[in-house]
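Open your viewer and get ready to colour by chain. This tour moves from selection to selection, with a word on what is there at each stop.

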Amino acid sequence: MADEVILLDFWPSPFGVRARIALREKGVEFEYREENLRDKSPLLLQMNPVYKKIPVLIHNGKPVCESMNVVQYIDEVWSDKNPILPSDPYQRAQARFWVDFVDTKLFEPADKIWQTKGEEQETAKKEYIEALKTLESELGDKPYFGGDTFGFVDIAMTGYYSWFEASEKLANFSIEPECPTLMASAKRCLQRESVVKSLHDSEKILAFAYKIRKIYCV
Amino acid sequence: MAEEIILLDYWASMFGMRTRIALEEKGVKYEYREEDLSNKSPLLLEMNPIHKKIPVLIHKGKPICESIIQVQYIDELWPDTNPILPSDPYQRAQARFWADYIDKKTYVPCKSLWSETGEKQEAAKMEFIEVLKTLDSELGDKSFFGGNEFGLVDIAFIGFYSWFRTYEEVANLLTIVEKFPKLISWAQRCLKRESVAKTLPDSDKVLKSISDHRKTVLGID
């Protein structure tokens with residue numbers, strides 16, 4: 001019986017994009033379903049009653065929620081191709097640690113960058129850059145966080161990479177001078193086939209970001 | 001060859017308890033080092049420079065931080081004894097989801113329950129009760145969160161049981177016992193396990209420690 005894989009998602013979401021990338025890395029055929037976040041489908045509410053958020057992966061009728069949890073699940077189910085997590089337990093623990101760092105330290109400042117202005121936005125920018133610098137220090141000389149290969153932390157970061165340009169324009173700053181090696185890695189990730197196929201172009205994301213910013217009356 | 005395992009921890013930390021339980025489940029010998037959280041050791045600051053928090057697991061000189069990550073690491077190194085995560089990928093995803101839910105939803109309110117007063121404390125109470133309701137519903141009629149076997153989600157939450165009396169007294173959070181009998185039965189079931197019984201501190205000891213801290217450090221009566 002063929003696998004039925006459905007992804008409930010929202011096109012500009014930096015979290016949804018992670019699930020899309022993982023599925024494409026594994027060559028998994030899936031049905032993408034766009035959610036209207038202001039009018040969530042009954043299926044979304046049924047499949048993710050705890051958070052009511054996207055992305056939700058529905059595999060043969062059973063839901064998996066939370067983007068990096070979805071990525072780990074995809075890695076374990078379709079384990080024959082393009083491993084996402086390393087095989088060594090210590091390296092796996094490090095990958096999980098840095099993904100947790102990404103989600104705890106980038107999320108709020110990234111949101112505040114496009115939701116606020118003035119001093120609040122300046123503070124958010126500083127926090128964002130500081131977190132990116134810590135990540136750059138962890139990256140070191142490696143082409144990817146995963147070492148020579150695109151992996152778990154890179155997938156987590158690519159969601160944020162896809163919003164770099166929008167963040168820079170909204171808050172009038174430039175990431176590259178602050179984090180040149182991270183940007184080099186970001187560019188490498190953004191050229192990957194699974195990523196190119198999963199992302200909408202940056203102009204569309206920027207237009208969306210401006211639209212959302214207006215809603216926040218900024 | 002003895003594995004060199006050191007755990008930097010704090011006796012009352014419900015997060016540190018997770019790692020201790022996991023190590024006990026696997027029968028792994030380790031050196032426990034108590035940290036003074038008001039005067040963190042150079043080793044802690046060196047091994048966890050990012051968050052500067054306990055617990056920190058140090059294995060052969062290399063640090064692993066974040067309790068749920070530590071538990072998974074321990075499970076992967078000693079997979080044959082008392083498995084903590086299920087073998088089925090879907091069940092594993094569910095276990096990780098609920099462990100993550102506990103982390104996301106308890107961290108802030110549980111701290112506010114004992115460190116705040118007035119409105120902030122009331123808001124924290126409401127949040128914590130919602131968490132208990134959700135977990136109670138998720139547990140359902142199962143013996144443990146994962147079904148018949150003690151596992152990751154049980155390990156993630158059981159430490160909080162030793163803080164229930166503190167929350168009840170300090171935050172006037174009445175009758176967790178009455179309102180959530182299934183959760184209490186679950187906790188009693190977990191306490192029958194040697195790893196849990198050895199690890200969880202006495203509830204009254206936690207209460208006294210927090211009451212003292214509220215008076216002397218926070219200036220709350």
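Select chain B and chain A together and look for the salt bridges between them: there are five, each a side-chain nitrogen of Lys or Arg within 4 Å of a carboxyl oxygen of Asp or Glu. For one of these, pick Arg92(A) and Glu76(B), whose closest N and O atoms are 2.8 Å apart.

A note before going on: this is a predicted model, where local features need pLDDT of at least 70, side-chain atom pairs count only at pLDDT 80 or more, and totals for chains, interfaces and linings use all residues. Residues are numbered from 1 along each chain as its sequence is written, chains are lettered from A and ligands numbered from 1 in the order in which they are written, and side-chain values use heavy atoms, with hydrogens and water left out.

Next, select everything in contact (heavy atoms within 4.5 Å): chain B and chain A give 24 residues each. Together they bury about 2,200 Å², with 63% of it on carbon and sulfur atoms; buried area is the accessible area (1.4 Å probe) that two parts lose on being put together, summed over both. Now highlight Ile50(B), Tyr90(B) and Phe97(B), which lose the most area to chain A in chain B, together 27% of what that side buries.

Finally, select residues 3-82 of chain A, which UniProt lists as "domain: GST N-terminal" in an unreviewed entry; such annotations may be inferred rather than shown by experiment. The end C-alpha atoms of this span lie 19 Å apart.

Notes
Helix = DSSP H or I, 4+ residues; strand = E, 2+ residues; numbered from the N terminus.
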